[in-house]
Amino acid sequence: MAPATRVVRALWTGGCALAWRLGGRPQPLLPTQSRAGFAGAAGSQGPVAAARKGSPRLLGAAALALGGALGLYHTARWHLRAQDLHAERSAVQLSLSSRLQLTLYQYKTCPFCSKVRAFLDFHALPYQVVEVNPVLRAEIKFSSYRKVPILVAQEGESSQQLNDSSVIISALKTYLVSGQPLEEIITYYPAMKAVNDQGKEVTEFGNKYWLMLNEKEAQQVYSGKEARTEEMKWRQWADDWLVHLISPNVYRTPTEALASFDYIVREGKFGAVEGAVAKYMGAAAMYLISKRLKSRHRLQDNVREDLYEAADKWVAAVGKDRPFMGGQKPNLADLAVYGVLRVMEGLDAFDDLMQHTHIQPWYLRVERAITEASPAH
């Protein structure tokens with residue numbers, strides 16, 4: 001197989017093979033005693049009425065002071081308790097994450113790899129990146145699984161290889177919440193051989209959008225069953241539909257295809273000759289292949305319209321009453337959609353997307369949330 005063809009199959013196609021929290025928990029309500037204390041102080045039948053009946057003014061003032069003091073006491077008590085609980089959860093998560101040494105094998109421009117980085121960064125999980133050469137792939141010669149991303153997790157003396165972006169995310173999230181051994185968790189996501197519509201044997205993974213949590217653990221993550229179902233639905237949508245809109249849009253015209261491969265070569269791991277071949281021959285090949293992809297996925301003649309419709313469909317699903325699908329913080333669906341779209345940054349398709357849809361405010365909120373959470377690595 002020619003090197004240029006291998007590169008074409010490796011980047012921005014359908015699988016990154018060779019071919020491609022939750023919303024903040026509600027703040028504790030002011031305890032009943034506190035509300036009663038303040039209400040008793042302010043109500044018309046309180047100290048003022050007593051004074052009108054001839055009761056000493058001192059009694060009214062004492063009641064007012066006592067009510068206010070009780071209110072402040074309970075408010076401060078709940079506030080401090082909430083801080084303690086947050087600190088406890090953060091300490092537990094830090095303890096778990098510090099036991100892991102993570103190495104991510106990736107193509108930087110692969111949307112599936114970008115999804116994993118978004119998850120790792122948002123959850124402040126330090127990791128090393130190994131950029132894989134898409135032609136030789138010598139960096140992943142240790143693996144019989146030949147797609148990226150691949151995540152190698154070292155936990156003490158145990159080393160686990162996690163394959164498939166959604167499995168990586170689900171397994172690590174399960175680990176952070178439950179504290180189960182990672183070696184056990186990955187058995188919940190079995191690899192299964194299947195034949196796709198083109199008659200090609202592919203590897204699929206069972207349960208990959210499901211977090212393996214008991215009921216109590218699930219309640220820490222989700223506000224209810226509907227929230228869990230919603231997250232899974234849109235994570236799958238990102239994989240099954242949104243990802244497949246990337247290539248037809250970034251390779252839509254010869255000019256866009258060349259700009260895309262110029263970006264790929266600059267950000268990827270190529271030798272001088274490989275880079276030149278990839279940039280020009282790869283751009284030409286992917287421009288032609290993008291037409292076949294448009295037909296295969298039954299896209300409109302103007303593929304930008306499909307991209308715009310997908311973005312606005314996502315924004316409508318998030319809605320106007322919450323900043324993220326996860327509520328006050330991004331959930332796994334937010335991170336997945338963001339990760340997929342991020343690979344187009346700097347290209348015409350991304351600029352058009354921000355200009356012609358309503359997705360930019362949400363996108364910038366996720367970007368800010370990740371930036372504030374992620375450590376330098």
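This is a guided tour of selected strands, helices and side-chain contacts in a predicted model.

Residues are numbered from 1 along each chain as its sequence is written, and side-chain values use heavy atoms, with hydrogens and water left out. Because the model is predicted, local features need pLDDT of at least 70 and side-chain atom pairs count only at pLDDT 80 or more, whereas totals for chains, interfaces and linings use all residues.

**First stop: the strands**

Select β1 (100-106) together with strand β2 (residues 127-131). Helices (H or I, at least four residues) and strands (E, at least two) are DSSP runs, numbered from the N terminus. The two strands pair in the parallel sense over five bridges; strands pair if DSSP finds at least two bridges between them. To see one of the bridges, select Leu102, whose partner in β2 is Tyr127.

Now add α5 (111-122) to the selection. With β1 and β2, this helix makes a right-handed β-α-β unit. A crossover is right-handed if, with the strands pointing away from the viewer, the path from the first strand over the helix to the second runs clockwise.

Next, select strand β3 (residues 150-155) and strand β4 (residues 158-163), which run antiparallel and are joined by six bridges. Leu151 stands opposite Leu162 of β4. β3 and β4 form a hairpin with two residues between them. In the turn, Gly156 has a positive phi of about 65°. While the strands are on display, a general rule may be recalled: in a regular strand the side chains alternate between the two faces of the sheet.

**Second stop: two cysteines**

Select Cys113 and Cys110. Why is there no bond between the sulfur atoms of Cys113 and Cys110? The sulfur of Cys113 is 3.4 Å from that of Cys110, its closest cysteine sulfur, and this is too far for a bond. A disulfide is a pair of cysteine sulfur atoms within 2.5 Å, and the count for this model is zero disulfides. Cys113 is also buried, with a relative accessible area of 0%. Buried means under 20% relative accessible area, exposed over 50%, and partly exposed in between (1.4 Å probe, protein chains only).

**Third stop: salt bridges of helix α11**

Select helix α11 (residues 254-267). A salt bridge is a side-chain nitrogen of Lys or Arg within 4 Å of a carboxyl oxygen of Asp or Glu; the model has 11 salt bridges.

Which residue forms a salt bridge with Glu267? The partner is Lys108, with the closest N and O atoms 2.8 Å apart. This pair links distant parts of the chain, 159 residues apart, since Lys108 lies in the loop between β1 and α5 while Glu267 is in helix α11. Both ends are partly exposed: Glu267 has a relative accessible area of 26%, and Lys108 has 33%.

Move on to Asp262, which meets Lys279 in a salt bridge (3.1 Å, N to O). Lys279 lies in helix α12 (residues 272-296) and Asp262 in helix α11, so the pair ties together parts that are 17 residues apart in sequence. Asp262 is partly exposed, at 25%.

**Last stop: Glu256**

Finally, select Glu256, also in helix α11. Is Glu256 buried or exposed? Glu256 is buried, with a relative accessible area of 7%. The side chain of Glu256 forms a salt bridge with that of Arg252 (2.9 Å, N to O), and Arg252 is partly exposed at 27%. Salt bridges that share partners join Arg252, Glu256, Arg304 and Asp352 into one network.
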